[in-house]
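Please look through the sequence and the model shown here, and then follow the paragraphs below, which go from the surface to a sheet and on to some individual loops.

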Amino acid sequence: YDTISTNTFSGLVRPALGTTAAAHADGTNVVDANNFINWGFAPADTEPVIVSAGARIWTQDNFGEDLVFNIKDDKIFFWQKDYGVGQRAWSLANLDGASETPTVARQILVSDQSRHVIAFGTNPIGSDKQDLMLVRFGDAESLTEFNPLTTNSAGDLRLGTGSEIIGALQTRQEILIWTDAALYSMRFVGAPFVFGLETLATGTTIQSMKAAASQNDVVYWMGDNRFQYYDGAVHTLDCTVIEDVFSDVNLARKDVFFAATNAEFNEVTWWYCTANSADVNRYVTYNTVDKAWTFGDLARTAWVDRLGRDFPIAASPNDKRLYEHDNGQDDGENDTALAAFVESSDILMGQGETFQSLRKLLPDMSFNGSESATPSATLTLKSRNFPGADFNNSRANAVNATQTVDVQQFTEQSDLRLRGRSVALRVESDQSGTQWRLGVPIIEVRPDGRR
């Protein structure tokens, strides 16, 4: 419609959002199409809603085949599989038999060991005010009984270090809880205390609720200006790209930062926003076996490892689609070749006034798995005389391969003529269907004079 005058619509057009055109009797209420509740949209709720200043982050966990989930700093919901996807979830506090059920929580999860529903940063019994340092758990195997009695195992714990719980992560043996100032371990100990708390470290920080991930029973997380891990004790990772990450990061949007794992390649990746972006647009990856770091530009807002699938799946905020990762060699978003590269830091070849001459390069590269019949990559050596100075000269050489079945024939050696105190190595390609792996290149180096 164009305008409304009293109860008269002008320029009214039907239908909207796939509805069927229908006549309305005089005096019958109508709903503005902009406020129409479509499938998957949240309807208006008469219960009070806690408004969070942060991002709208959801957490969820399985309760058998059903789901328990909540919005950060808001209500807790329950969805029952038997009713199918056409049925909305119910507020946990509105279920039949609900007794002192939390009405607000920062995060929710279900204990793998004891099947307790646990609410972190929740409201205490008898109050609707959120306590961001309070942990409450219901009776075992129960969604509704949160009133501690001698006949059940419901209860609560209050953390002492910090001012708010940031997030929690379930591991094989315990539940890790991060506050803004400490890391706690929460373990099932049985009756009469049910759960016990242990302080693992103080002065430990984490960027967001989802900035931690577990890989091979070791938990890694992104903190303030550092990356840390827990394997029974808390350690700080030696990060070679730490300045690249934390010198260009939008901490005002850290709520949306998240960690993800790629088990096949032993990788933990953190997705974050750069300083000039309000959306996730960059990643930094740590290989837990090779102890190597990589980073790059890519927009992803959610990630699920392959588990029982062939490939990991991630969500793109750009076109609102899901993508399989590690499937093929090209960019699936626009069907173009990936412009991939890896570059080393300077390799010092001499001390003081010592210069070296580079005469020959033996590339050690494999193109196994490439879809192109003639895959190639460019290997560049760049020499430098002084740290921080521009590269004085460089030499690029194409490394080519022709492949048949299981046999590869590729460039054996390249002649060079470079000199300097240090040299950097760069490998890059922008060819479709190309996959390459760098081994240990060999460079022939001889002493040289200053002229």
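At 51% relative accessibility, L12 counts as exposed, where exposed means over 50% relative accessible area, buried means under 20%, and partly exposed lies in between, with a 1.4 Å probe and protein chains only. L12 lies in the loop that links β2 (8-10) and β3; strands are DSSP runs of E with at least two residues, numbered from the N terminus. Together with Y1, I4 and F9, L12 makes a nonpolar surface patch of about 380 Å². Such patches are made of residues with over 30% relative accessible area and no salt bridge, with like charges joined within 9 Å and nonpolar side chains (Val, Leu, Ile, Met, Phe, Trp, Tyr) within 5 Å. A salt bridge is a side-chain nitrogen of Lys or Arg within 4 Å of a carboxyl oxygen of Asp or Glu, and the accessible areas come from the Shrake-Rupley method with a 1.4 Å probe, where for residues only the protein chains shown count as cover.

A word on the basis of these values is in order. This is a predicted model, in which local features need pLDDT of at least 70 and side-chain atom pairs count only at pLDDT 80 or more, while totals for chains, interfaces and linings use all residues. Residues are numbered from 1 along each chain as its sequence is written, and side-chain values use heavy atoms, with hydrogens and water left out.

From the loop that holds L12, the chain leads into β3, and this strand belongs to an open sheet of 4 strands, arranged in the order β3-β4-β5-β6 with antiparallel pairing; two strands pair if DSSP finds at least two bridges between them. Because β3 (58-63) and β6 (90-91) stand at the edges, each with a single partner strand, one side of each is left without a neighbour in the sheet.

Within this sheet, β4 (residues 66-71) is joined to β5 (residues 76-79) by 4 bridges, and V68 stands opposite F78 in β5. The hairpin of β4 and β5 has 4 residues between the strands, and there D73 takes a positive phi near 60°. On the way to β6, 2 antiparallel bridges join β5 to that strand, where W90 is the bridge partner of F78. In a regular strand the side chains alternate between the two faces of the sheet. In β5 both faces are covered, since I76 and F78 on one side and F77 and W79 on the other are all buried.

Further along the chain come several loops with less common backbone geometry, for most residues other than glycine have a negative phi, and most peptide bonds are trans. A cis peptide bond with omega of about 5° joins A191 and P192, and P192 is found in the loop between β13 (182-190) and β14 (194-202). D217 has a positive phi near 65°; this residue sits in the loop between β15 (212-215) and β16 (218-222) and is exposed at 53% relative accessible area. L307, with a positive phi of about 45°, lies in the loop between β23 (302-304) and β24 (313-316) and is exposed at 70%.

Which residues does F265 touch, not counting residues up to four places away in sequence? They are N287, R306 and D326, where contact means heavy atoms within 4.5 Å. F265 is partly exposed, with a relative accessible area of 35%, and the C-alpha atoms of F265 and N287 are separated by 7.5 Å.
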